[in-house]
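Okay, thanks for squeezing me in. Let me put the structure up, and then we'll walk through it together.

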Amino acid sequence: VQLQAFGGGLVQPGGSLRLSCAATGLSFSNYAMGWFRQTPGKEREFVAAITWSGDSTYYADSVKVRFAISRDNAKNSVYLQMNSLKPDDTAVYSCAANPRYCTDHGCYEATHEYLYWGQGTQVTVSS
């Protein structure tokens, strides 16, 4: 199984980026997908998640309204559209696959519920 995230880069405050994550080696449509981020010295932080069908999405309060997660099961891919970026959004962003049939928000937020992880892509928000 491989999850490859890409699309990060340097962007000015207020700008936008779209991250992509391509999955191989798994039955992609059987997994909920999540995005997490991490900065040096801090724990990995939940950003957003989407159910296997794409009919429900979940967000951290810090990114709600500004970020949007989506998926294309035909392309085995999940995306994170990030708008109105702030310096506090600077981090390494990783995608992950969750095999659980989650029934609550907490299940999507918990890192231990995710079975597969990608290496991440750096997002830097700075002027």
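So, look at the link between Cys 21 and Cys 95: with 60° about the S-S bond, that link is right-handed. Keep in mind that this is a predicted model. The two sulfurs of Cys 21 and Cys 95 sit 2.0 Å apart, and the pair is joined as a disulfide. For anyone who wants the chemistry, a disulfide is a covalent bond between the sulfur atoms of two cysteines.

What does this one tie together? Cys 21 is in strand β3, residues 17–24, and Cys 95 is in strand β9, residues 91–98, so the bond connects parts that are 74 residues apart in sequence. Are these two cysteines buried or exposed? Cys 21 is buried, at a relative accessible area of 1%, and Cys 95 is buried too, at 0%.

How many disulfides does the structure hold? Two. The other one joins Cys 102 to Cys 107, again with 2.0 Å from S to S. Here the angle about the S-S bond is -50°, and the link of Cys 102 and Cys 107 is left-handed. Cys 102 has 8% relative accessibility, and since the cut-off for buried is under 20%, Cys 102 counts as buried. Cys 107 is at 5%, and counts as buried as well. If you number the bonded cysteines in sequence order, the pairing reads 1-2, 3-4.

Okay, back to β9, because it has a pairing partner: β9 and β11 run antiparallel, with three bridges between them. Tyr 93 is the residue standing opposite Thr 121 in β11.

β11 itself, residues 121–125, is a nice one to look at. Which of its side chains are buried? Thr 121, Val 123 and Val 125 point to one face and are buried, while Gln 122 and Thr 124 point to the other face and are not. That's the textbook picture, really: in a regular strand the side chains alternate between the two faces of the sheet.

β11 also pairs with strand β2, residues 9–11, and those two run parallel, joined by three bridges. If you want a spot to click on, Val 11 has Val 125 in β11 as its bridge partner.

Now for some backbone angles. Val 65 has a phi near 80°, which is a positive value in a residue other than glycine. Where is Val 65? In the loop between β6, residues 57–59, and β7, residues 67–72. Val 65 counts as exposed, with 81% relative accessibility.

Asn 76 also has a positive phi, near 50°, and again the residue is not a glycine. You'll find Asn 76 in the loop between β7 and β8, where β8 covers 77–82. Asn 76 is partly exposed, at a relative accessible area of 26%.

Last stop, the pockets. The largest pocket has a volume of about 160 Å³. Which residues are closest to its centre? Of the 13 that line the largest pocket, those are Trp 52, Arg 100, Tyr 101, Cys 102 and Tyr 108. And yes, that's the Cys 102 we just met in the disulfide with Cys 107. By class, the lining breaks down into eight nonpolar, four polar and one charged residues.

That's my tour. Happy to rotate the view if anyone wants another look.

Key. Residues numbered from 1 in each chain as written. Predicted model: local features only at pLDDT ≥ 70, side-chain atom pairs only at ≥ 80, totals over all residues. Heavy atoms only, no water. Disulfide = S-S within 2.5 Å. Helix = DSSP H or I, 4+ residues; strand = E, 2+ residues; numbered from the N terminus. Buried < 20%, exposed > 50% of the residue type's maximum accessible area, 1.4 Å probe, protein only. Pairing = 2+ DSSP bridges. 1 Å grid on protein atoms, 1.4 Å probe; cavity = no way out; pocket = protein on both sides within 12 Å on 5 of 7 lines; lining within 4 Å. Points joined across faces, edges and corners; volume = space filled by probe spheres on them. Nonpolar A, V, L, I, M, F, W, Y, C, P; charged D, E, K, R; others polar.
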